[in-house]
There are 4 protein chains.
Amino acid sequence: MSAPMSPEAEPARVPEGILVHPTGARSRRVHEAALRATCDLLDEGGLPAVTVDAIAERSGVSKATLYKHWPSKTAVAAEAFGRRMAETVALPDTGTARGDLAEQVRLVSAFYASPAGTVFAQLLAACVSDPGAAPYFRVYFLHGRRVAIGVLWERAVRRGEVDPAIDVETAIDILFGPLVFRLISGHRPLTPEEADAISGAALYGLLRHTSTGAD
Amino acid sequence: MSAPMSPEAEPARVPEGILVHPTGARSRRVHEAALRATCDLLDEGGLPAVTVDAIAERSGVSKATLYKHWPSKTAVAAEAFGRRMAETVALPDTGTARGDLAEQVRLVSAFYASPAGTVFAQLLAACVSDPGAAPYFRVYFLHGRRVAIGVLWERAVRRGEVDPAIDVETAIDILFGPLVFRLISGHRPLTPEEADAISGAALYGLLRHTSTGAD
Amino acid sequence: MSAPMSPEAEPARVPEGILVHPTGARSRRVHEAALRATCDLLDEGGLPAVTVDAIAERSGVSKATLYKHWPSKTAVAAEAFGRRMAETVALPDTGTARGDLAEQVRLVSAFYASPAGTVFAQLLAACVSDPGAAPYFRVYFLHGRRVAIGVLWERAVRRGEVDPAIDVETAIDILFGPLVFRLISGHRPLTPEEADAISGAALYGLLRHTSTGAD
Amino acid sequence: MSAPMSPEAEPARVPEGILVHPTGARSRRVHEAALRATCDLLDEGGLPAVTVDAIAERSGVSKATLYKHWPSKTAVAAEAFGRRMAETVALPDTGTARGDLAEQVRLVSAFYASPAGTVFAQLLAACVSDPGAAPYFRVYFLHGRRVAIGVLWERAVRRGEVDPAIDVETAIDILFGPLVFRLISGHRPLTPEEADAISGAALYGLLRHTSTGAD
DNA sequence: ACCTAACCGAGACGGTACGTCTTGTCTTGAT
DNA sequence: ATCAAGACAAGACGTACCGTCTCGGTTAGGT
């Protein structure tokens, strides 16, 4: 949680792609005013409501200054959204890996189906056409989520419940990629039942479990 | 594959959300000219190059007419892209389900990593902020793909190689959702190795295969 | 009042610039339906509300047919307005020429200040950018007015009250030109008092009346 | 003659209806570039050639900026035309009021019959359907003309040649209203002879000069 | 009673201009 | 030196209206 954008501290240790604001005293004030205004705008109208002019007007930070702190409005929105959502990550602990992971898939599915999930989808989509914003989204939002789930996975590996040969990144993508796909394309709903079907298939695999008896 | 937009044929059987242009004789000419021009634009500059004005200028179809045929430029691009890609679906046949599915994941991964994959990502992203275009993308692109993979899955089910309790939709999302997630967010590369890791984990499941010994 | 556009009668005796509709039986119906619809539109929103599409929709007359009967929408509006206003010309008879003319100036001033006067101004203005419509406005509206005032003038000439050397056309323009100028440019109001000031100055001339005797 | 649009000078003393652009340093450059381009367009194709897009392209001033400086393209054209014509007002001095006024009517009549007169008519007409532009036309064109003629009239009043009871505004309208009427409606030509007929009738009045004694 | 034109409705279409919106750069002046 | 305020160019957007056109259906008048 060390503030990765603290400018005067170590401006060199910059996560690649993330701007470090100019020199540095009123910067903090500017930074936070902009993020707060952007949060409000996100609440009111989602990403479409986040306009550089709107942020400038709300926050009292001028457009020129905004462009010194972020490469684009999407980056501001990504950072604002990421910070706001940072506290909402609550890890389940059901006692078993399959229980934890299934519950987590349910939770994320519910999150995607909520208003905040809409904003998430908008940000994800915006990053496609705005590559400069992608690092912000990864650092300020995705990273925290992946770390959290990494904890679950590590626990499961330690317990010997999951296949240790599988990379945690792969596991995450298999569990949540389907949800993301549905969120974006909207070809299927994001209900708890669907979430369970997905986690079930992901945990046990698509192949037939012939093992037990004769086929 | 009867032209689904032929108006006088069956104007009633409209896939929901897909516009059927008003009456309809010169319509066909207009429709195809617009799609052809849009394809060219997609080739040259991806979705950002697809502008209503550009389509109009290239195709000789006026803007007003374009808006009578499609709800937005994204819809035109989705239909154009979908039609163009319709023929490229080639199903592997390796003899086993796990071989077929793994190969298909590799193929799709390669597709996503290609220039056309970039356009795919742009369209997917655009549909988030342009709901009117989503049906076009689903009908003209996604549908064909899902049907094709459905064939693979059916074959696998018939062979008894995969778990028949798993819905084909769920299977598809688990196999390709991770690829889509990576394509959009760019947090991980789309290499053949990664594709294999994903298909492997999806086929065999995340849980530890205790099967060998006593359970 | 003889229908000057009756086609089968004498299609040759066409006032220059006025279209004579094709051959001729349903023509009358079309003609009148269009004019009636146009009148309604003029009432509701003035000339800006008169759109070719709007006339077509209201009247049930197709656009193509409208263009066979009139060169432009302004022409339709001019004819419609002219016919509608034809009956409103009421000539004053006060006993003296100066009384008649002054009263007429007051009446016309009041007309210009009324809603119908707004439409008159719009039509006049439209004729500048739509030369094809000008003949319609002259024939169906201005002509009747000028004829009516010509009667007044003739009477005044016969009575020996006005200068017989002055052309009636000149007299008309001097009396009403100022009103038209004000109507269009809006630099001065169109009140009864102003009307009297204008007719007074026009009747007695701008020069000082030294005639009587010593001053 | 003091630049009436200099913003920082006295932004309050605004002729009603005339926009005063927001703040204002580069404003002057923009303002003049737009007016110059508009003048060129007026020369080449009259008011119909004056298009917001055309002005923007020619002048390098963006459309959005144009709309911040003027309420409509007609307003730009009116200001451009007015400024351009400002220097052309040359007052006659024949020694007598009737000579001066008659000559002025001839001059204005000739002006109306010239290409510039066509533009004048177009602007006058456009102001009917574009009320926002009318103040511009009055302030930048009509006002100068009326002031100039006011000088003539004052001189005539001082000389005791004209009726001092007649308001200068009324006199102006009676002398030039007929010309404007003819210009717009085109019912009569604008020849020098007609101009003399008009000024003669206006100066001496319509009533018969009878009266008293010998002529 | 037909038959053959002309006429008509309906409305799609290309074209042109509109007025608005957002982005990212640049300038000015105050702190 | 930094910043707010905001003007500005660029260019896409979606709409409106125009005038032309193509399509069938209808009506009439000549046979």
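How much area do chain B and chain A bury between them, and what percentage of it is on carbon and sulfur atoms?

## Extent of the interface

Chain B and chain A bury about 4,100 Å² between them, and 70% of this area lies on carbon and sulfur atoms; buried area is the accessible area (1.4 Å probe) that two parts lose on being put together, summed over both. On the side of chain B, the residues that lose the most area to chain A are B:Phe181, B:Leu206 and B:Leu207, which together account for 20% of what that side buries. In terms of contact (heavy atoms within 4.5 Å), 45 residues of chain B touch 44 residues of chain A.

This is a predicted model, in which local features need pLDDT of at least 70 and side-chain atom pairs count only at pLDDT 80 or more, while totals for chains, interfaces and linings use all residues. Residues are numbered from 1 along each chain as its sequence is written, chains are lettered from A in the order in which they are written, and side-chain values use heavy atoms, with hydrogens and water left out.

## Polar and charged pairs

Four salt bridges are found across the interface of chain B and chain A, a salt bridge being a side-chain nitrogen of Lys or Arg within 4 Å of a carboxyl oxygen of Asp or Glu. The side chains of B:Asp173 and A:Arg182 meet in a salt bridge, with 2.5 Å from N to O.

## Elements that form the chain B side

Helix 6 (115-129), helix 7 (134-159), helix 8 (168-185) and helix 9 (192-204) of chain B each supply at least two residues of the side that touches chain A, where helices are DSSP runs (H or I, at least four residues) numbered from the N terminus. The largest share of that side, 13 residues, comes from helix 8 of chain B.

## Symmetry of the pairs

A turn of 180 degrees and a shift of 0.0 Å along the axis lay chain B on chain A with an RMSD of 0.1 Å, the copies being superposed by least squares on the C-alpha atoms of residues with pLDDT of at least 70 in both. The two copies are therefore related as by a two-fold rotation axis. Of the residues of chain B, B:Gly205 comes closest to this axis, with its C-alpha at 1.7 Å. Because 98% of the interface residues of chain B are also interface residues in chain A, the copies meet through the same surface.

Chain C can likewise be laid on chain D by a turn of 180 degrees and a shift of 0.0 Å along the axis, with an RMSD of 0.1 Å. In chain C, the C-alpha nearest the axis belongs to C:Gly205, 1.7 Å from it.
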